[in-house]
Amino acid sequence: MSDSSASRAPVPGTLVHLDGTVADRARPALRADDLGVLRGDGVFEALLIVDGRPRHLDEHLARLARSAAALGLSAPDAEAWRRCLAVAIDGHGVVGESYARLVLTRGPESGGPETGYVLVDPVPASTRRARAEGVRTVTVTRGVLPAPADRAPWLLSGAKTLSYAVNMAAQRWARAHGADDAIFLAEDGTVLEAPTAAVVVASARTLRTPPLDPGILESIAQRRLFDAAAGAGWKCGHARLSVADLRAADGVWLVSSVRLAARVTSIDAVPCAQSPRHDEILELMRAD
């Protein structure tokens, strides 16, 4: 057939450029010299959408702006992102859960406007399975020592950038070694975070997560969980954690905006305690 589009498989989800233009997911949408592609030079956010309503959008837009500032990108126009996301959600038309990624790159290498767009997709089956069944993890070193982020701002600690090759490599390493996900450690054995999630542990009715100063990305999902848990009578706080602390805890979770809370079932092939409070943690994660 002369029209090659007739043979293209449909692509799920929607793609909307920041100007509100709806694009065909099966066709090229970026220039080949876009620095987001060539160098991972850009920032993004990912958030859950429930019945057409994006969760915690203000906080995700605020973090997008902080990340952009760290890279020297223009301050994102919050209202433009809101309009763009609304068009994408309307075009997706899914009842129940979906998720959005808001992406901003530096744009063409030769100069020109920055590139912004929104993707909306169904929540993957693997994400739902992780919530229900938990995840097996391995520990991997990040090759750093805990240190205040302001000592090396060029490392972009705390910015959610497109440079996720290391994070994805850590997850591939985990899967190649019989696990589902990884937990990053500092060189001194301090627990940092997972490639796409915060680490949270429970002991009795106390929740703890590592402090942000080693360059951990500030987790909106973790902060929301702690706010909801504190309102429900839990004690919550930051603390330096070791692998021994994770193994001694009543429960360990990987917490993120889309996955919500996935129980850690094992660390380096050693089974972890399975907290009877998992359902409560999930309900707290779903709280507004």
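Which residues are exposed on the other side of helix H8, away from its buried residues? In this predicted model, the exposed residues on that side of H8 are Asp279 and Glu283, whereas the buried residues of the helix, which spans residues 278-286, are His278, Ile281, Leu282, Leu284 and Met285. The buried set covers an arc of only 160° around the axis, which puts these residues on the same side of H8. The points below place this helix within the protein chain, turn to helix H4, and then take up several loop residues.

**Overall form of the chain**
- The protein chain contains eight helices and 14 strands, and its C-alpha atoms fill a box of roughly 60 × 45 × 40 Å when taken along the principal axes.
- Because a compact globule of 288 residues would have a radius of gyration near 19 Å, the 20 Å found for the protein chain agrees with that expectation.
- Of the contacts in the protein chain with a separation of 6 or more, 71% are accounted for by residues 24 or more positions apart.

**Burial, surface and charge**
- Buried residues make up 47% of the 288 residues in the protein chain, while the area that the chain exposes is about 13,600 Å², with carbon and sulfur atoms supplying 54% of it.
- The side chains of the protein chain include 33 positive and 34 negative ones, and the centres of these two sets lie 3 Å apart.

**Helix H8 and what covers it**
- The cover over the buried residues of H8 includes two helices, H4 (125-133) and H6 (220-231).
- Strands also contribute to the cover of H8, among them S10 (206-209), S12 (251-256) and S13 (260-267).

**Helix H4 and the residue after it**
- In H4 the buried residues are Thr127, Ala130 and Arg131.
- These three cover an arc of only 100° around the axis, and they therefore lie on the same side of H4.
- The other side of H4 carries the exposed residues Ala125, Ala132 and Glu133.
- What covers the buried residues of H4 includes the strands S3 (42-50), S5 (97-105), S7 (135-141) and S13, together with helix H8; H4 in turn is included in the cover of the buried residues of H8.
- Just after H4 comes Gly134, which takes a positive phi of about 85°.

**The loop between S13 and S14**
- Most residues other than glycine have a negative phi.
- Asp268, although it is not a glycine, has a positive phi of about 50°, and this residue is found in the loop between S13 and strand S14 (270-271).
- Ala269 lies in the loop between S13 and S14, and this residue, also not a glycine, has a positive phi of about 70°.
- Asp268 counts as partly exposed because its relative accessibility is 32%, a value that falls between the limits of under 20% for buried and over 50% for exposed.
- Ala269 has a relative accessible area of 72% and is therefore exposed.

**Ser219, in the loop between S10 and H6**
- Ser219 has its place in the loop between S10 and H6, and both of these elements are included in the cover of the buried residues of H8.
- With a relative accessibility of 11%, Ser219 counts as buried.
- When residues up to four places away in sequence are not counted, Ser219 touches Arg63, Ala198 and Val255.

How values were computed
Residues numbered from 1 in each chain as written. Predicted model: local features only at pLDDT ≥ 70, side-chain atom pairs only at ≥ 80, totals over all residues. Heavy atoms only, no water. Helix = DSSP H or I, 4+ residues; strand = E, 2+ residues; numbered from the N terminus. Rg over C-alpha atoms; globule rule 2.2 N^0.38 Å. Buried < 20%, exposed > 50% of the residue type's maximum accessible area, 1.4 Å probe, protein only. Contact = heavy atoms within 4.5 Å. Areas by Shrake-Rupley, 256 points an atom, 1.4 Å probe, with all protein chains shown as cover. Lys, Arg positive; Asp, Glu negative; His and termini not counted. Charge placed at Lys NZ, Arg CZ, Asp CG, Glu CD. Arc of directions from axis to C-beta.
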